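User: Got a minute to go through this one with me? I'd like to start with the charged pairs, then look at cysteines and voids.

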Amino acid sequence: MPLTFHLHPGMVLMCDFNTGFKAPEMIKRRSVVVISPRPRRSNLLCTIVPLSTTAPNPVEPFHHRMDPRSLPGKLSKKETWAKCDMLATVSLGRFDRVMAGRGRTESAFMLRNG
C-alpha cells in the first residue's frame with residue numbers, strides 16, 4: 001500500500017527492492033534516505049540513497065558513514081553506510097515506514113543532524 005503522505009528530502013524510509021532489480025543492484029528490502037525535492041505536482045517517483053549496515057570494501061569518497069544518532073529505531077544501534085554510488089529513482093509503491101520499536105512504526109522519520 002503506497003504511503004499517504006508527501007515525502008521530503010531527509011526522510012528515512014524502508015524500500016522494497018525485491019522486484020525489478022537484479023544483482024549486483026540492490027535486491028532486498030532496506031532503509032533509504034529521500035533526496036529528491038518534494039514535487040510541485042503529483043509525482044509517483046522519488047530519488048533515494050540506499051543505506052547499508054555492511055561497510056563498503058573499499059570505502060570510497062562516495063560512501064558516507066552515518067551518525068547513529070541521526071537514524072531511527074534499530075538503525076541507530078548499527079553502523080550504517082549511505083551508498084551514494086547506488087542512487088535510485090523508484091515508485092512510491094516501494095516505500096514503507098521504518099520500524100521504530102516493538103510493533104511501532106515511524107510515520108515519517110526525518111534525518112537528524114548529529
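User: How many salt bridges are there?
Analyst: The count comes to three salt bridges. Keep in mind that this is a predicted model.

User: OK. Which residue pairs with R29?
Analyst: D96 does. The side chains of R29 and D96 meet in a salt bridge, 3.8 Å from N to O.

User: Where do those two sit in the fold?
Analyst: R29 is in strand β2, residues 29-34. D96 is in strand β7, residues 95-96. The two are 67 residues apart in sequence, so the pair ties together distant stretches of the chain.

User: Is R29 buried or exposed, or in between?
Analyst: In between. R29 is partly exposed, at 39% relative accessibility. Its partner D96 is also partly exposed, with a relative accessible area of 31%.

User: And what does R65 pair with?
Analyst: With E79, at 2.9 Å from N to O. R65 lies in strand β4, residues 63-65, while E79 lies in the loop between β4 and β5. They are 14 residues apart, and the pair links distant parts of the chain.

User: How accessible are R65 and E79?
Analyst: Both fall in the partly exposed class: R65 has a relative accessible area of 44%, and E79 comes in at 38%.

User: Which residue does R69 meet?
Analyst: D67. That salt bridge is 2.8 Å, N to O. R69 counts as exposed, at 56% relative accessibility. D67 is partly exposed, with a relative accessible area of 24%.

User: Switching to cysteines. How many disulfides?
Analyst: Zero disulfides. Take C15: the nearest cysteine sulfur belongs to C46, and that is 8.7 Å away. A disulfide needs the two sulfurs within 2.5 Å.

User: Is C15 buried or exposed?
Analyst: Buried. C15 has a relative accessible area of 0%.

User: What about C84, buried or exposed, or in between?
Analyst: Partly exposed. C84 has a relative accessible area of 32%.

User: Last topic, voids. How many cavities of 30 Å³ or more turn up?
Analyst: One, from a search of the whole structure. The largest cavity holds about 30 Å³ of space.

User: Which residues line the largest cavity?
Analyst: L3, F5, L7, L92 and F95.

User: How does that lining divide into nonpolar, polar and charged?
Analyst: Five residues are nonpolar. There are no polar and no charged residues in the lining of the largest cavity.

Key. Residues are numbered from 1 along each chain as its sequence is written. This is a predicted model: local features need pLDDT of at least 70, side-chain atom pairs count only at pLDDT 80 or more; totals for chains, interfaces and linings use all residues. Side-chain values use heavy atoms; hydrogens and water are left out. Buried means under 20% relative accessible area, exposed over 50%, partly exposed in between (1.4 Å probe, protein chains only). On a 1 Å grid over the protein atoms alone, a cavity is a set of points where a 1.4 Å probe fits but cannot get out, and a pocket is an open set with protein on both sides within 12 Å along at least five of seven lines; lining residues have an atom within 4 Å of a point. Grid points are joined across faces, edges and corners, and a volume is the space filled by probe spheres set on the points. Ala, Val, Leu, Ile, Met, Phe, Trp, Tyr, Cys and Pro count as nonpolar, Asp, Glu, Lys and Arg as charged, and the others, Gly among them, as polar. A salt bridge is a side-chain nitrogen of Lys or Arg within 4 Å of a carboxyl oxygen of Asp or Glu. Helices (H or I, at least four residues) and strands (E, at least two) are DSSP runs, numbered from the N terminus.
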